[in-house]
Amino acid sequence: MKIFYRCIAALPLGLLYILSNCLYIVIFYVARYRRAVVKDNISQAFSDKSENEINQLVKSFYRFLCDNFIEVLKSLSMRDKELDGRVTFRNPEIFDRYIEQQQSMLLLTIHQSNWEWLLLALSVKLSFPIDVIYKPLSNRPLDELMRHSRESHGAKVIAHNTAAKEILKKRREFRGFVMAADQSPSANKKKYWQYFMNRAAAFHIGPQKIAEMLNYPVIYMKMHRLGRGYYEVSFEELSVPPYDQPPFDKDRYEILSRYIKTGEEAIKGQPFTYLWSNRKWRRNPETSVNNVNTPVQGPQDSPSPAPDV
């Protein structure tokens, strides 16, 4: 299987997009991969859109999903120079003061656009080490290839279940720790709840706790697709330490709240590039356990306080 993936990755990207067109027909019309989940997620998120608009958005998502899959495979054979030309950083100067201070950072994104190319581009374009926190894929051969691809461009990978321990080990080193933290936590994990694309959604509390514990600034990375195979990334500061004095209030999960709202705005800016096939909203706060707060519907400039847990 690894040989098959590498053979596909060796093909020119233009040819791979023809393959993507064929894959779209199979995934959308034949296999109907998670069609009901995708349409429900999009319909709930954009309740103001017409049925025709929803259907067009669903199709655009599946076309992008196939392109994204092909591009991720292509990353197995991409050189730094090609990657550098396909992913543009709009405002990399945001990192200058942290580089000067040798201050480690927490870099957050969501599963939007080609987050795999984003992770690789960070190592290629930035002048400091990058550690990527990730959840291993269930497909072991592909997971091993993706780990190799990330590390071949200079990043180090950390499995999510050992992330806190590994980050603590490296707390005296200057690094950027990268997370796509919008996946739903497992049933037994602590959960922060907030309305996200019109529905209550659960989020990992890890980004908040890591930033607080190590006094890391938190930067959001928004990736926008310019066209097939080309992306632009912009960076935004979500929070800056110290976190142990006013106006920052740890009990209100302000970092997570800002991350979620910023991610939501990024999705609204280019909705077809979000991972709508993910069962993000499968849990219910009323029946879920280990919640650290109660979600409040509507604008959330001040998230609901967390009870003692």
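In the predicted model, R34, K135, R279 and R282 form a positive surface patch. One member of this group, K135, is located in the loop that connects β3 (130-134) with α8 (140-152). The relative accessible area of K135 is 53%, so this residue is classed as exposed, the cut-off being over 50%.

A second surface patch is nonpolar in character and covers about 400 Å²; I25, V26, Y29 and V30 contribute to this patch. Of these residues, Y29 is placed in helix α2, which comprises residues 13-30. Y29 has a relative accessible area of 47% and is therefore partly exposed. An α-helix has 3.6 residues a turn, so residues three or four places apart point the same way.

With regard to overall architecture, the secondary structure of the chain consists of 11 helices and nine strands. The C-alpha trace extends over about 55 × 45 × 35 Å along its principal axes. For a compact globule of 309 residues, a radius of gyration near 19 Å would be expected; the chain has a value of 19 Å, and the two therefore agree. Of the 309 residues in the chain, 51% are buried.

Burial is pronounced in helix α7 (residues 115-125), which is mostly covered, with nine of its 11 residues buried. The buried positions of α7 are W115, E116, W117, L118, L119, L120, A121, L122 and S123. One of these residues, L122, can be related to D84, which belongs to helix α5 (residues 80-86). D84 and L122 are 38 residues apart along the chain, and their C-alpha atoms are separated by 9.6 Å. D84 itself is partly exposed, as its relative accessible area is 37%.

The loop between α7 and β3 contains P129. With a relative accessible area of 34%, P129 is partly exposed. A separation of 132 residues in sequence lies between P129 and K261, and the C-alpha atoms of these two residues are 28 Å apart in space.

Several features of backbone geometry were also identified. Most residues other than glycine have a negative phi, and most peptide bonds are trans. Against this background, S113 has a positive phi of about 55°, although S113 is not a glycine. This residue is situated in the loop between β2 (105-109) and α7. The relative accessibility of S113 is 0%, and S113 therefore counts as buried.

A positive phi of about 55° is likewise found at M197, which is not a glycine. M197 occupies the loop between β6 (192-196) and β7 (199-203). Its relative accessible area is 2%, so M197 is buried, the limit for this class being under 20%.

The peptide bond between P241 and P242 is cis, with an omega of about 10°. P242 lies in the loop that runs between β9 (230-239) and α11 (254-269).

Notes:
Residues numbered from 1 in each chain as written. Predicted model: local features only at pLDDT ≥ 70, side-chain atom pairs only at ≥ 80, totals over all residues. Heavy atoms only, no water. Patch = residues over 30% accessible without salt bridge, like charges linked within 9 Å, V, L, I, M, F, W, Y side chains within 5 Å. Areas by Shrake-Rupley, 256 points an atom, 1.4 Å probe, with all protein chains shown as cover. Salt bridge = Lys/Arg side-chain N within 4 Å of Asp/Glu carboxyl O. Lys, Arg positive; Asp, Glu negative; His and termini not counted. Charge placed at Lys NZ, Arg CZ, Asp CG, Glu CD. Helix = DSSP H or I, 4+ residues; strand = E, 2+ residues; numbered from the N terminus. Buried < 20%, exposed > 50% of the residue type's maximum accessible area, 1.4 Å probe, protein only. Rg over C-alpha atoms; globule rule 2.2 N^0.38 Å.
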